[in-house]
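Me: Can we go through the side-chain packing here, beginning with the surface and then moving inward?

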Amino acid sequence: MDNLHPPLRSPVGNGNGRTSYVSSPLNPSPLNPNVTGGPASRSRPPSFGGHGALEPGRTPPGGSTDNVARDDKDTIRNVMTGAVGSGYGPYANVRGSFAAPPHNRFSTLSSVGSVVSLPTDSKYPSMYFANSDRPVQGGFFPYSDTPHLDFTNSFTPDDDDALHDPDPRKMNEGMGPMNWRGLLNISFVFLIVAALIALFAGYPIISYLEHDEIYYAGANVVGVNETGQAAVIPNLPQLIDPETPEEAKTRTGYDGYEYELVFSDEFNVDGRTFYPGDDPFWEGVDLWYGATEDIEWYDPGMITTANGSLVITLEEYPNHGLNYRSGMLQSWNKFCFSGGYIEVSVLFPGDQLAMGFWPAAWTMGNLGRPGYGASSDGTWPYTYNTCDVGTLPNQTRADLTPTAAQTSGKSKANGVLSYLPGQRLSACTCPGEDHPGPSVNVGRAAPEIDIFEAERSKTGGPGGQTSQSSQYAPFNNAYEYNTAATTLYLPTTYHNTFLGSDTQQSISSLTDMDESWFENSLTPTYATYGLEFLGDDKNPENGFINWVAGGQRSWGLTAAAFGPDAVTEISQRTVSVEPMSIVLNLGISESFQTVDTSTLTLPAHLRFDYVRVYQRKGQTNVGCDPENYPTAKYINDHLNAYTNVNLTHWAGAGYTFPKNSLKDGC
């Protein structure tokens with residue numbers, strides 16, 4: 001032991017073998033002989049940077065304590081050496097002009113007295129100044145420090161000093177808005193923004209300007225891209241069935257143009273259902289088709305897919321006061337197409353001797369919903385875009401002219417040519433009236449063109465026939481059309497003698513069917529039927545229709561077949577330019593042909609192997625709400641007529657016909 005480090009007192013016992021105090025360098029006790037002044041004494045000397053703790057004999061810079069450590073570097077030096085901070089700076093033991101603390105707070109010798117603790121062996125090492133006779137405390141470092149080798153008054157800068165230099169003058173160096181680094185950052189930001197604009201705005205605009213065709217998706221189709229096709233994403237609907245063969249994706253039309261596939265359904269997934277909401281493109285209806293006085297109820301449960309085909313079943317089953325039930329599948333307001341070629345592969349129910357089945361595949365304008373009478377009141381089967389007497393009820397003015405409209409009809413209608421209520425959405429609509437657009441002077445409607453309707457032969461043949469027709473309004477005198485504008489291409493195809501009634505003018509032909517095209521034949525074989533049509537709203541006389549039966553063009557017509565008629569004072573009708581939905585159904589009705597139940601085998605099935613739609617290459621126009629012939633808003637504004645199957649007239653749905661300038665004035 002030495003005089004600088006007297007031993008601590010022996011612990012005072014408390015009679016139970018325990019000491020009465022705990023003393024440590026960081027927790028001094030009044031019983032610790034190294035601590036003076038009792039509990040009221042400071043645990044450490046005042047800071048040498050304070051006014052009351054200047055080293056004896058030193059004068060603050062400038063002669064005043066108010067100016068102590070004014071210079072930034074002096075402040076840093078004083079903190080680091082312990083001159084500021086009560087001697088606890090990391091370099092508090094540096095040799096030089098800085099004073100040592102007035103006393104050593106901690107002993108460097110073991111209080112046990114048997115072990116000497118060297119300055120370099122302590123958790124808080126002590127050092128000796130060369131000119132001092134006592135040790136002084138060092139910084140709080142758990143290792144031996146030799147600051148005299150690392151610290152000088154010159155403050156030699158380290159490599160990273162620029163990152164920590166507190167000099168505000170230096171902080172602004174190189175940080176101006178026009179320095180090269182800032183300009184480079186801003187340039188990259190502008191480059192990224194320009195790229196995003198080009199991708200999401202520029203590319204679509206350029207693509208649109210480079211094509212003059214319009215692309216539309218189905219009303220309820222998701223994930224549809226510019227070409228009208230859906231990306232191949234699991235669980236998302238695709239307009240083109242991925243199982244459609246490659247060789248079936250293009251064709252040459254009978255008009256000489258190249259056509260490309262825009263929609264297909266191969267029905268290769270078995271067990272599909274078609275209740276409302278089940279399918280993105282199709283829906284089975286739940287209704288009685290009263291317009292044709294059917295004797296079956298259409299039930300969605302009678303439609304499914306099996307063995308790679310769509311199957312519609314007709315069976316005898318009492319329900320809803322009827323004896324039969326069957327299925328009608330529609331794409332109304334889900335998938336539509338404006339012009340093109342639609343093809344189906346079909347196997348007919350029963351056999352060639354069956355009389356009473358009414359299998360059909362047909363198209364209808366989306367402004368009319370098949371089976372919902374109120375929606376088709378005043379829209380079906382109009383194909384008219386002229387403001388004249390043809391838009392009026394009964395095709396007659398208030399003075400009952402023209403005369404032919406009162407005399408050239410059928411006898412059962414007392415000679416009245418038309419009992420239609422007039423074209424509801426005619427080119428005579430007054431401004432501001434209820435009309436789907438694109439303007440009130442554009443005639444809109446729900447025309448019908450049939451791919452086929454099959455029946456027992458009407459021309460004396462041994463088997464079945466298919467009728468392929470289109471319906472029109474207003475009507476020619478006595479429903480007679482210009483047969484010179486039609487062409488029969490097959491020797492087994494004949495003009496139909498049925499021309500129309502007081503609710504439609506029909507232009508159609510009949511084609512004999514092969515006996516193998518029926519499900520109960522010895523060798524059941526699917527037959528290909530198709531319909532190719534194109535209307536021209538600017539030049540309606542350029543429209544045309546071609547039909548296909550058994551894979552061959554059966555017959556066709558041009559718009560001259562239903563041109564102007566001076567007798568009934570009507571103008572050119574048009575081949576449909578409306579978005580057309582697809583209907584597939586198997587009915588049974590005395591209004592179509594006599595039902596001979598002895599010839600019917602039940603249950604019967606109408607099967608479709610596929611449905612495919614093509615349009616001229618580069619002129620894709622699919623969707624139920626095209627810009628030039630919109631339907632969505634009009635349908636949404638009149639939902640009662642489109643959703644209540646029990647309503648048969650527009651007025652019954654709570655709506656009125658818009659004013660017609662010829663009849664009501666504007």
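**Surface patch, cores and rings**

Reply: Leu184 is partly exposed in this predicted model, because its relative accessible area of 40% falls in between the limits of under 20% for buried and over 50% for exposed.

Me: Where is Leu184 placed?

Reply: Leu184 belongs to helix H4, which covers residues 180–210, and together with Trp180, Phe188 and Leu191 it forms a nonpolar surface patch whose accessible area comes to about 490 Å².

Me: OK, inward now. How many residues does the largest nonpolar core have?

Reply: The largest nonpolar core has 59 residues, and those with the most contacts inside it are Trp282, Phe348, Tyr529, Leu584 and Phe608. Another core, of twelve residues, lies apart from it and includes Leu367, Leu425, Ala641 and Ala653.

Me: And how many aromatic pairs are there?

Reply: The count comes to 21 aromatic pairs. In one of them, the ring centres of Tyr341 and Tyr614 are 6.0 Å apart with the planes at 40 degrees, so this pair is classed as tilted.

Me: Which parts does the pair of Tyr341 and Tyr614 tie together?

Reply: Tyr341 lies in strand S12 (residues 340–347) and Tyr614 in strand S24 (residues 604–616), so the pair ties together parts that are 273 residues apart in sequence.

Me: Is Tyr341 buried or exposed, and what about Tyr614?

Reply: Tyr341 is buried, with a relative accessible area of 2%, and Tyr614 also counts as buried, at 4% relative accessibility.

Me: Back to Phe348 and Tyr529, then: why is that pair classed as edge-to-face?

Reply: The planes of Phe348 and Tyr529 are at 85 degrees, with the ring centres 5.8 Å apart, so the pair is edge-to-face, given that planes over 60 degrees apart count as such. The pair links distant parts of the chain, 181 residues apart, with Phe348 in the loop between S12 and strand S13 (357–365) and Tyr529 in strand S20 (residues 527–534). Both Phe348 and Tyr529 are buried.

Me: Which residues form the aromatic cluster?

Reply: One aromatic cluster is formed by Phe263, Phe267, Phe281, Trp282, Phe335, Phe337 and Phe533, and Trp282 is also among the residues with the most contacts inside the largest nonpolar core.

Me: Changing topic to charges over rings: what sits over the ring of Trp650, and what over that of Tyr489?

Reply: The charged end of Arg424 sits over the ring of Trp650, at 3.6 Å from its centre, while the ring of Tyr489 has the charged end of Arg553 over it, 3.8 Å from the centre.

How values were computed: Residues are numbered from 1 along each chain as its sequence is written. This is a predicted model: local features need pLDDT of at least 70, side-chain atom pairs count only at pLDDT 80 or more; totals for chains, interfaces and linings use all residues. Side-chain values use heavy atoms; hydrogens and water are left out. A nonpolar core is a set of buried Ala, Val, Leu, Ile, Met, Phe, Trp, Tyr and Cys residues joined through side-chain atoms within 4.5 Å. Buried means under 20% relative accessible area, exposed over 50%, partly exposed in between (1.4 Å probe, protein chains only). Patches are made of residues with over 30% relative accessible area and no salt bridge: like charges are joined within 9 Å, nonpolar side chains (Val, Leu, Ile, Met, Phe, Trp, Tyr) within 5 Å. Accessible areas come from the Shrake-Rupley method with a 1.4 Å probe; for residues, only the protein chains shown count as cover. A salt bridge is a side-chain nitrogen of Lys or Arg within 4 Å of a carboxyl oxygen of Asp or Glu. Helices (H or I, at least four residues) and strands (E, at least two) are DSSP runs, numbered from the N terminus. Rings of Phe, Tyr and Trp (its six-membered ring) pair if their centres lie within 6.5 Å; planes under 30 degrees apart count as stacked, over 60 as edge-to-face and the rest as tilted. A charge sits over a ring if NZ of Lys or CZ of Arg is within 6 Å of the ring centre and within 35 degrees of the ring normal.
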